[in-house]
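Thank you all for coming; I would like to walk you slowly through one structure this morning. Please have the picture open beside you, and we will take the contacts one group at a time.

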2 protein chains.
Amino acid sequence: MAELLLQSIREKVSATDEELLICKSFFTPKKLKKKQFLLQEGDVCNRMTFVESGALFSYATNAKGTQNVIQVAFEGWWISDLYSFFTQEPSTLNIEVLEDAELLMIDREQHEHLLARVPKYETYIRLLYQNAYIALQRRVESTIGLTAEEKYIRLLEQYPTILQRMPLNLVASYLGVTPETLSRIRKQISL
Amino acid sequence: MAELLLQSIREKVSATDEELLICKSFFTPKKLKKKQFLLQEGDVCNRMTFVESGALFSYATNAKGTQNVIQVAFEGWWISDLYSFFTQEPSTLNIEVLEDAELLMIDREQHEHLLARVPKYETYIRLLYQNAYIALQRRVESTIGLTAEEKYIRLLEQYPTILQRMPLNLVASYLGVTPETLSRIRKQISL
DNA sequence: TGACCTGCTTGACAAAGATCAAGTCAATTT
DNA sequence: AAATTGACTTGATCTTTGTCAAGCAGGTCA
């Protein structure tokens, strides 16, 4: 049940079968159903999670009570609140299941052990962060520099999957606009 | 001339003096004056840069021709266009000097060599990315979820330095608002 | 079957922020 | 000293987006 994780590691580093098996042994599987929570605001995030199948999303709730979608993770991606994970402070995020999911989880201690024991794992994690950072920076660029319509079009181009698998109110929240505005933008574009 | 870099490494990992010297030997120093460019849109970013002193900022230019500040790097921080650095595609960003700066630069080949030769360096880089990712995620959260005024106040709280060392039009651009709006917000708050 | 969600759309109106144009003040240039 | 430039502010107006209220279609539940 860790095919995707091992594949993800192999894509980024050249690990031996033995190293892969060691990695695998550090993870705990878990299944969650749609609408269940992997993390709730106020709790400490004590695991990093790899999505083997299904989909999850993380969001923050602002002063007005509106959800802001921070991240969406489909199969093959990781999700967690790294801030809470590393500081051990209570999280300000919720992580909710979007589609029934099979997960692989690793706690902080095991993560540290694995980093020390398998250098290839450290390289894998470094490359993960690197790519995640680059992707986020592009998101910041489009968030601060584009109109709602431009942001939507860019999302369509870059992550068409998101739109096929997420309800539009979450897409709106990911873009930082209201569902009404997104609805009007879509109408506008289709004409 | 690499005191800050070595200090930054020591803060994150326990490296021996020998390891630190090896790291240092892989970097090339360079000085740039205010308003000079470290990278121009269209060029490939072939170095990662550590700021020993001074300050730089990176920005993208959108369709309307407005600058969008992506990152600001004061002494002790890194700056580069990682997307271009790793893909070797032309950059869409400019990196400009905000205050006369002393830099330490490493090209991609040297970076790979150093990662392979000094495992502590890899750990250092991993932790850098990790922290940068966490910080960016918080920026995304405030960018999509808050009003202009709330964003400004949060910036004041989290990075008061930025406001003391950056002209307000760049702060506005960092926040994704016009200089006029920022000016009115500041007036509003001070009353 | 009917009541009830959920996801999405539409309309009227309000608010936030952008744009355009002008003006101030201090620092720099000539 | 006069002219220029850069950083910032102000006012009037326009555009974009948010808010509130309502409605609809499809799926689910009892």
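Let us begin with DNA strand C, which is surrounded by 16 residues, the closest being Leu168(A), Ser183(A), Ala148(B), Thr181(B) and Arg184(B). Please keep in mind throughout that this is a predicted model. Of the atoms of DNA strand C that come within 4 Å of the protein, 62% belong to sugar and phosphate.

Which elements supply the surface near DNA strand C with at least two residues each? They are α8 (168-175) and α9 (179-190) of chain A, together with α9 (179-190) of chain B, and the largest share, four residues, comes from α9(A). If we sort that surface by class, we find four nonpolar, six polar and six charged residues.

Three individual contacts with the DNA deserve a look. In chain A, the side chain of Arg184(A) has an N or O atom 2.9 Å from a base nitrogen of DNA strand C. In chain B, by contrast, two threonines reach phosphate oxygens of the strand: a polar side-chain atom of Thr181(B) lies 2.6 Å from one, and a polar side-chain atom of Thr178(B) lies 3.2 Å from a phosphate oxygen.

Let me now turn to the salt bridges, of which the structure holds 12 over all chains. One of them brings together the side chains of Arg126(A) and Glu122(B), at 2.6 Å from N to O. Arg126(A) belongs to helix α5 (residues 119-145) of chain A, whereas Glu122(B) belongs to helix α5 of chain B, so this pair joins two chains. Both Arg126(A) and Glu122(B) are buried.

A second salt bridge, between Lys33(B) and Asp100(B), spans 3.6 Å from N to O. Lys33(B) is in the loop between β1 (28-32) and β2 (37-39) of chain B and Asp100(B) is in strand β6 (residues 93-107), so the bridge ties together parts that are 67 residues apart in sequence. Is Lys33(B) buried or exposed? Lys33(B) counts as exposed because its relative accessibility is 53%, which is over the 50% cut-off, while Asp100(B), at 42%, counts as partly exposed.

A third bridge, at 2.9 Å from N to O, joins Glu75(B) and Arg165(B). Here Glu75(B) sits in the loop between β4 (67-74) and β5 of chain B and Arg165(B) in helix α7 (residues 160-165), so that distant parts of the chain, 90 residues apart, are linked. In chain A, Glu75(A), Glu99(A) and Arg165(A) are linked in a network of salt bridges.

Finally, we come to the aromatic rings, which form 12 pairs over all chains. Among them, Phe50(B) and Trp78(B) make an edge-to-face pair, with 5.5 Å between centres and 70° between planes. Since Phe50(B) lies in strand β3 (residues 47-61) and Trp78(B) in strand β5 (residues 78-79), the pair ties together parts of chain B that are 28 residues apart in sequence, and both residues are buried. In chain A, ring pairs link Phe27(A), Phe50(A), Trp78(A), Tyr121(A) and Tyr124(A) into a cluster.

Arginines also take part in ring contacts. The charged end of Arg139(A) sits over the ring of Tyr174(A), 3.7 Å from its centre, and Arg138(A) lies over the face of Tyr83(B), 4.1 Å from the ring centre.

Notes. Residues are numbered from 1 along each chain as its sequence is written. Chains are lettered from A and ligands numbered from 1 in the order in which they are written. This is a predicted model: local features need pLDDT of at least 70, side-chain atom pairs count only at pLDDT 80 or more; totals for chains, interfaces and linings use all residues. Side-chain values use heavy atoms; hydrogens and water are left out. Rings of Phe, Tyr and Trp (its six-membered ring) pair if their centres lie within 6.5 Å; planes under 30 degrees apart count as stacked, over 60 as edge-to-face and the rest as tilted. Buried means under 20% relative accessible area, exposed over 50%, partly exposed in between (1.4 Å probe, protein chains only). A charge sits over a ring if NZ of Lys or CZ of Arg is within 6 Å of the ring centre and within 35 degrees of the ring normal. A residue is near a molecule or strand if one of its heavy atoms lies within 4 Å of it. A polar contact is a pair of N or O atoms within 3.5 Å; within protein, one must be able to donate a hydrogen and the other to accept it, and residues adjacent in sequence count only if both atoms are side-chain atoms. Ala, Val, Leu, Ile, Met, Phe, Trp, Tyr, Cys and Pro count as nonpolar, Asp, Glu, Lys and Arg as charged, and the others, Gly among them, as polar. A salt bridge is a side-chain nitrogen of Lys or Arg within 4 Å of a carboxyl oxygen of Asp or Glu.
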